[in-house]
Amino acid sequence: MSRPSIALLVCENLAKEANAAIPDEARHDVSLVPFPARCGRPPLEREELERLTRARGVERAHVAIVGARPCTHRLADEGVRVHCSDQCFYSLTDAAKVDELFSEGAHVVTPGWLRRWRLELRRLGLDQATARALFGESVRRIVLLDTGLDPAASGALSEFAEFVGLPAETLPVGLEFHRAFLARIVYDARLEAERAETTDRLARANRQSAEYAMAFELIGGLTALLSERDVIARTLAAVEQLFAPGALAYHRIDGAVVHADEGHDSAMRAEELLCRLGNGDAAWSEEHEGFVLRIAHEGRTLGVLAATRIAFPEHRERYVGLAQVVARVCGLAVSNARAYERVKEAEARLSRLAAENERLYREAQEAIRVRDQVFAGVAHDLGNPLSVITLGAEQLLRQAARAGGPEWLPPTVARISAQAGRLAALAADLVDLACTGAGRPLDLRTAPTDLVALTHEVARSLASTTCRHDIRVQAAVPELRSAWDGRRLERVVTNLISNAIKYSPEGGPIDVTIAADASRARLAVRDSGIGVPAEDLPGLFEPFFRARNVGRLSGTGIGLANARTIVEAHGGDIAVESEEGRGTTITVTLPLG
């Protein structure tokens, strides 16, 4: 029996990903049928489902629909197999991550939706002003779940984000999660289809119970056997009791492969027996003292049975009719047993897949745990020597102030102290990264903090580390206080100004501006350095990300990621504007209160 075909209906926004993610071993029996996206539209109806499958020539296939519950719930109510979840994004990455993005005010999009974003907004009747007003009410940023299939997705994301006036970022998700998601659906659909097909065969067999009544009495329970070997053993025992043959032979046939059953007369070769049968289901042996039976079901030959030198051959006409009934019941039982064995194989494959997924998940979690332990350990180990360096630098400065010393000593010690401070900040960043990587929120220690004074202090400290940059702080107000974590906010400002110095290797001005309105404070750091390539902007605040044009300039890729974590923990946001070769401006917005 060939494997039932499966029609896999997928939203057109995910069709490209689904086509790439369908396992190779599934392509011969799985037909991908995209359906029009239902975003903002009524859910999929049965009539549309039938039209789509009929157009693809798979109307008789087992249907499995992948989609979000709002798009497909009517079909589920009508008994169609629907693999749905609250969000279609759950098929691309972990649901907890998607929910976290939503909780942060993100509007999540896919490459497929971005290919059609102008059409979607036009269909909803949204011009740019209306779209900006609508999105601005509840959305903080646009997040692309990037599967890596569409090179144009990044550009489309920038265009859409610009249209609605929101920052954008890219979350690379790849295809592995989607591939495992679809593989499970395909295997579930196969399992259900084969079970349904087996159930259907059993139902038809029950309708033919009158014809098989005599055979059931003789070989009762044959169709309940789940092993093909047990079915054949029971059938041969029944033939021996019914016809008392001098010899029996049975050959199992699976497609074009013939298997001789051990323990029976192998002299009667399967090829000869099949030749004697021709196109029929039964034939007499040459001496008319026995018969050959085709064991088949629904037109497919499953085996061939031969009995020679039967008792009372004069009754062979009556015998052959009864033998054909036995053969038909045997064919049904063999077909059922093979179907059951395939079901068990499918279940075993699913079990192996689930075990492999669980193993990979555990390994990933362990790797994250080890990484966070290393971060925490490194940060702890750096703490003591940095404290010694900082205290020593302070003592040198006090001693130089009291007793005098060479002119180069104070600025040199100041640079040592500044670098020690940077290392201490890096250690603190590692601790925070380990904390957020473990899923724990930052433990903010807020107190009234003056952002203007803090920024001036950081600028003075970092000015001692460079002679080619002019760090200019301009504040619209002399003092700007609010309940902030001053220690962590100092790290944010230090990171932004340090980056401006580092990525302006030719020197030049670094402008730091501070402003505020009734509810929010804004701090911006602008340089005229190397800038950031446009295609790298979406990932700039991701951990360990570095722009492709930094060359040999040193860096860890965690400073901006931690800056975003700290700012967002305060309820603020951080954004970047940059042009490669002309400089970068990073703006931090914090709530007042």
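**Exercise 1. How many disulfides does the structure hold?**

Before starting, note that this is a predicted model, where local features need pLDDT of at least 70, side-chain atom pairs count only at pLDDT 80 or more, and totals for chains, interfaces and linings use all residues. Residues are numbered from 1 along each chain as its sequence is written, and side-chain values use heavy atoms, with hydrogens and water left out.

Step 1: take the criterion, a pair of cysteine sulfur atoms within 2.5 Å.
Step 2: apply it, and you get zero disulfides.
Step 3: look at two cysteines while you're here. Buried means under 20% relative accessible area, exposed over 50%, partly exposed in between (1.4 Å probe, protein chains only). C88 comes out at 26%, so it's partly exposed; C467 has 80%, so it's exposed.

**Exercise 2. Find the aromatic pairs and work through W113 and F160.**

Step 1: set the rule. Rings of Phe, Tyr and Trp (its six-membered ring) pair if their centres lie within 6.5 Å; planes under 30 degrees apart are stacked, over 60 edge-to-face, and the rest tilted.
Step 2: count them, and the structure gives five aromatic pairs.
Step 3: classify W113 and F160. Their centres are 5.0 Å apart with 75° between the planes, which makes the pair edge-to-face.
Step 4: place the pair in the chain. W113 sits in helix α5 (residues 111–114) and F160 in helix α8 (residues 153–164), so this pair links distant parts of the chain, 47 residues apart. Helices here are DSSP runs (H or I, at least four residues), numbered from the N terminus.
Step 5: check burial: both W113 and F160 are buried.
Step 6: widen the view. Ring pairs join W113, W117, F135, F160 and F163 into a cluster.

**Exercise 3. Describe how α16 and α17 pack, starting from N495.**

Step 1: locate N495, which lies in helix α16 (residues 486–502).
Step 2: get its exposure. With a relative accessible area of 14%, N495 is buried.
Step 3: list its partners, where contact means heavy atoms within 4.5 Å. Skipping neighbours within four places in sequence, N495 touches G559 and L560.
Step 4: do the helix geometry, with axes fitted to C-alpha atoms over the stretch in contact and angles running from 0 to 180 degrees between N-to-C directions. The axes of α16 and helix α17 (residues 559–569) come within 9 Å and cross at roughly 145°.
Step 5: fill in the interface. From α16, R488, R491, V492, N495, L496 and N499 meet G559, L560, A563, I566 and V567 in α17.

Technical notes
Helix = DSSP H or I, 4+ residues; strand = E, 2+ residues; numbered from the N terminus.
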